[in-house]
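Here are some notes for you to read alongside the structure. I have kept them as numbered points, so feel free to take them one at a time.

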Amino acid sequence: MQFKGNLQRTVILIGVLLASLSLTTACSSKDSGADKVLQVAYGSGGSDAQKTWDSIAAAFTAENPGWKVEFQVQNDDLYETIGLKNLLTSGNPPDVYFEWAGARLNNKNNDGFAADITDLVKSTGLADQFGNGAFNATSIDGTIRMVPYTADVTNVIWYNKDIFAKLGITPPTTWSEMLADCAKIKASGVTPFGIGNKDLWVAGNWFGHVDSRVAGDSVYDQILSKNKPLNSPEFVKALQYVADLHTAGYVNASANSISDNEGYTLFYQGKVAMLPIGSWIISNQIQDAPKLNMGWFNLPAIEGGAGDQKSIMAVTTGFIVNAKSKKQEKAVEFLKMAFSPTMVDAWIKSGTTPVAKASGSGSLDALSQSMIDLLNSGATVVAPPDTGYDLKMADALNTATSEVLDGVKTPQQALDDAEAKVSKS
Amino acid sequence: MKPTSRLGVFILVAPAALIYGFAVLLPFFGTIGLSFLRWDGYASPTWAGFGNYTRALSDVIFRSTFVHVGIYIVATLIVEVLLGLLLAGFVSSLRRSAFYRVALFIPVMLPMVVIAVLWQAIYNSDYGILNAILGSIGLGQWQHIWLGETRTALLSICLVSGWVFSGFYMAIFSAALNRLPNDVIESARLDGSGELKLFTKIKVPMIRQVTSIAILICITGGLQGFDLFYVLTNGGPYHTTEVPTTFMVKTVFRDGEFGYGSALAVIVSIVGLLTAYLFNTWQKRTRIEVEY
């Protein structure tokens with residue numbers, strides 16, 4: 001009966017283990033259930049940004065004895081796709097989380113994950129830390145649903161100043177001038193434009209901006225909001241500009257096969273003269289190609305286009321207080337601290353361009369400052385297809401754009417197929 | 001020694017059964033359940049019936065993924081299994097083969113994502129080594145945008161797969177060839193059989209069972225192929241290298257369509273099981289007993 005004896009011991013051991021496990025679980029749930037822990041979720045912004053977060057958490061704990069801040073940090077891409085969804089529906093959802101303004105914010109609001117923080121933002125004084133109109137992009141039906149974090153220009157055209165100087169050309173102000181410049185650049189043996197569009201959003205942002213200039217920002221918004229079909233004549237006309245660039249050979253032939261980073265490399269190596277991309281290239285260039293003499297110009301005015309021809313393509317990001325959180329007041333206090341003038345200075349030093357006001361001691365490099373000046377220029381702000389609208393719509397439009405960019409479909413064919421895809425889903 | 005009570009049996013089986021239940025059965029039945037719902041991950045799911053399945057069957061991109069994966073499997077049967085068999089034949093004919101075995105097996109040990117990034121650089125049409133070599137030896141007309149042209153993208157992925165897994169199949173075939181009885185080989189040699197004839201007429205038929213398993217692994221592994229496709233082309237250009245797995249991942253993780261993605265997963269699983277079943281049935285019918 002040795003086996004029986006062993007069995008009894010095994011049963012007792014398992015029992016002890018289970019009891020220990022239950023006790024541990026109970027203790028840990030008691031800890032997390034103390035309701036003095038603020039959970040904050042976002043996609044990783046790098047080590048400098050994390051240092052800023054850590055200093056904010058330390059300051060918050062010092063001002064609120066007994067309170068603790070825990071960060072739920074994920075890889076950027078993971079966070080944008082499935083990560084945040086998992087966090088919000090998990091047993092330990094964040095009290096505060098990062099999001100993009102536009103369709104994503106609207107979805108969170110519709111799904112009941114965005115608290116109305118209008119009164120708290122005003123009563124705590126958080127509103128005073130921002131300039132006029134800062135909450136416009138983060139409000140829904142007159143109620144504040146998000147605290148703005150950064151405003152990023154997602155598309156301007158960066159150019160190699162040395163190549164431009166050598167060829168005696170200046171940044172164009174109209175599309176025709178730009179085409180004339182492209183002809184000169186191509187004749188010199190350099191490809192005018194270089195992009196890495198394997199993931200579709202790069203050309204999607206650039207030509208989304210062109211679409212909005214040709215169709216007008218209002219029609220652009222109607223189409224991407226599914227109030228007009230994707231194959232509307234305005235977009236067909238807009239994609240003809242893409243087709244013309246392809247026919248002229250003004251965009252690198254490898255565009256659809258290389259990643260955004262490989263596109264940056266072409267620009268840094270001087271193999272292409274211009275790179276249409278967002279403001280984030282500044283920190284990347286400082287690190288990877290510090291000697292590159294780089295400037296920028298906004299998308300040139302398109303003759304015969306509609307709407308504001310000085311429009312900016314940009315996106316606002318921010319932090320939402322979870323409507324299901326029982327710590328909304330503390331969450332807003334935390335955000336007030338995160339965007340205090342002192343912390344804004346720290347954000348600037350970490351390479352971020354926050355919307356909130358700085359104390360004045362934070363200093364930006366000239367290019368970053370020029371991006372902020374562009375945002376504050378008063379021009380119409382157009383949202384990019386991928387972060388401003390439904391992802392499926394963005395994917396259909398971006399796929400059509402990539403097909404036209406490679407010359408495998410005409411604008412009409414590509415947009416007809418895109419519309420068919422969207423209407424079926 | 002046998003357990004003396006039913007309780008003992010249950011206790012001993014419980015840990016494995018629990019792990020299997022949570023890791024396999026729960027997701028399996030959960031996926032089937034989800035496939036009948038419409039759910040974006042947040043809001044309350046709504047009943048979709050067979051809606052997700054009818055949508056999948058009429059989805060042109062999803063249907064095309066089976067064509068792409070079919071081409072991939074056929075190509076990998078050649079560049080992985082057949083090449084692996086030939087390499088094994090070559091290596092086993094050498095007196096000192098350890099170096100070749102290790103060299104050919106090294107790619108199998110590297111993480112697939114590392115391999116994909118490496119080959120992405122090789123295939124890069126602007127500064128990749130492949131186009132540079134072709135240009136330098138006067139074959140400029142053969143230069144391509146390897147991962148960006150519809151004609152070359154899928155083929156390029158197949159070649160990388162062959163570079164990696166031919167070593168894996170070589171190892172399997174080498175082990176089988178080394179097990180062959182010497183007396184048969186020596187008899188064939190005494191009868192005047194050359195090395196080529198010995199390989200094709202004696203050795204290969206004698207490892208038929210191993211070859212069958214290798215083919216089955218290649219087919220089922222091909223259906224599961226993901227990492228190379230994801231890193232090298234992400235399904236592009238214009239879905240011409242889209243395979244079921246990349247399409248499923250986009251559907252669920254990018255578009256947030258959990259129900260539809262689950263229906264796709266169920267269909268892919270059925271296709272995989274059906275393929276394996278048909279292959280096994282064919283194997284049984286055509287089996288010739290030459291086993292040693």
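1. Let us begin with one residue: in which loop of chain B does B:E257 lie? B:E257 is found in the loop between α12 (244-254) and α13 (258-285) of chain B. Please keep in mind throughout that this is a predicted model.

2. Is B:E257 buried or exposed? Its relative accessible area is 14%, and because buried means under 20%, B:E257 counts as buried. Setting aside neighbours within four places in sequence, B:E257 is in contact with B:W39, B:R55, B:T251 and B:V252, and also with A:K392 from the other chain. The pairing with B:W39 links residues 218 apart in sequence, with their C-alpha atoms 6.2 Å apart in space.

3. The contact with A:K392 deserves a look of its own. B:E257 and A:K392 form a salt bridge, in which the closest N and O atoms are 3.3 Å apart. The count of salt bridges between chain B and chain A is 2.

4. Now for the interface as a whole. In chain B, 34 residues are in contact with 36 residues of chain A. About 3000 Å² is buried between chain B and chain A, with 61% of that area on carbon and sulfur atoms. Three tyrosines are worth picking out on your display: B:Y42, B:Y127 and B:Y238 supply 26% of the area that chain B buries against chain A, more than any other three residues.

5. Some background on chain B may help. Chain B contains 13 helices and 2 strands, and its C-alpha trace spans about 75 × 75 × 35 Å along the principal axes. Of its 292 residues, 42% count as buried. Among contacts in chain B with a separation of 6 or more, 66% come from residues 24 or more positions apart.

6. On the surface, chain B exposes about 15900 Å², and carbon and sulfur atoms supply 71% of this. As for charge, chain B carries 20 positive and 15 negative side chains, with the centres of the two sets 8 Å apart.

7. Turning to chain A, helix α11 (residues 260-268) is mostly covered, with 7 of its 9 residues buried. Those buried residues are A:D260, A:E262, A:G263, A:Y264, A:L266, A:F267 and A:Y268. Which elements do they pack against? Within chain A the partners are β6 (147-160), α8 (201-215), β8 (272-277), α12 (281-288) and β9 (294-297), while chain B contributes α5 (112-123). Just after α11(A), A:G270 adopts a positive phi of about 75°.

8. Two loop residues of chain A make a nice pair to finish on. A:N64 sits in the loop between α2 (47-63) and β2 (68-74) of chain A, and with 9% relative accessibility A:N64 counts as buried. Beyond neighbours within four places in sequence, A:N64 is in contact with A:K330 and A:E333.

9. The other is A:P172, in the loop between α6 (161-167) and α7 (175-187) of chain A. A:P172 is buried, at a relative accessible area of 5%. Leaving out neighbours within four places in sequence, A:P172 is in contact with A:E177, A:M178, A:D181, A:F297 and A:P300. A:V321, 149 residues from A:P172 along the chain, has its C-alpha atom 43 Å from that of A:P172.

Conventions: Residues numbered from 1 in each chain as written. Chains lettered and ligands numbered in written order. Predicted model: local features only at pLDDT ≥ 70, side-chain atom pairs only at ≥ 80, totals over all residues. Heavy atoms only, no water. Helix = DSSP H or I, 4+ residues; strand = E, 2+ residues; numbered from the N terminus. Buried < 20%, exposed > 50% of the residue type's maximum accessible area, 1.4 Å probe, protein only. Contact = heavy atoms within 4.5 Å. Areas by Shrake-Rupley, 256 points an atom, 1.4 Å probe, with all protein chains shown as cover. Lys, Arg positive; Asp, Glu negative; His and termini not counted. Charge placed at Lys NZ, Arg CZ, Asp CG, Glu CD. Buried area = accessible area lost by both parts, 1.4 Å probe. Salt bridge = Lys/Arg side-chain N within 4 Å of Asp/Glu carboxyl O.
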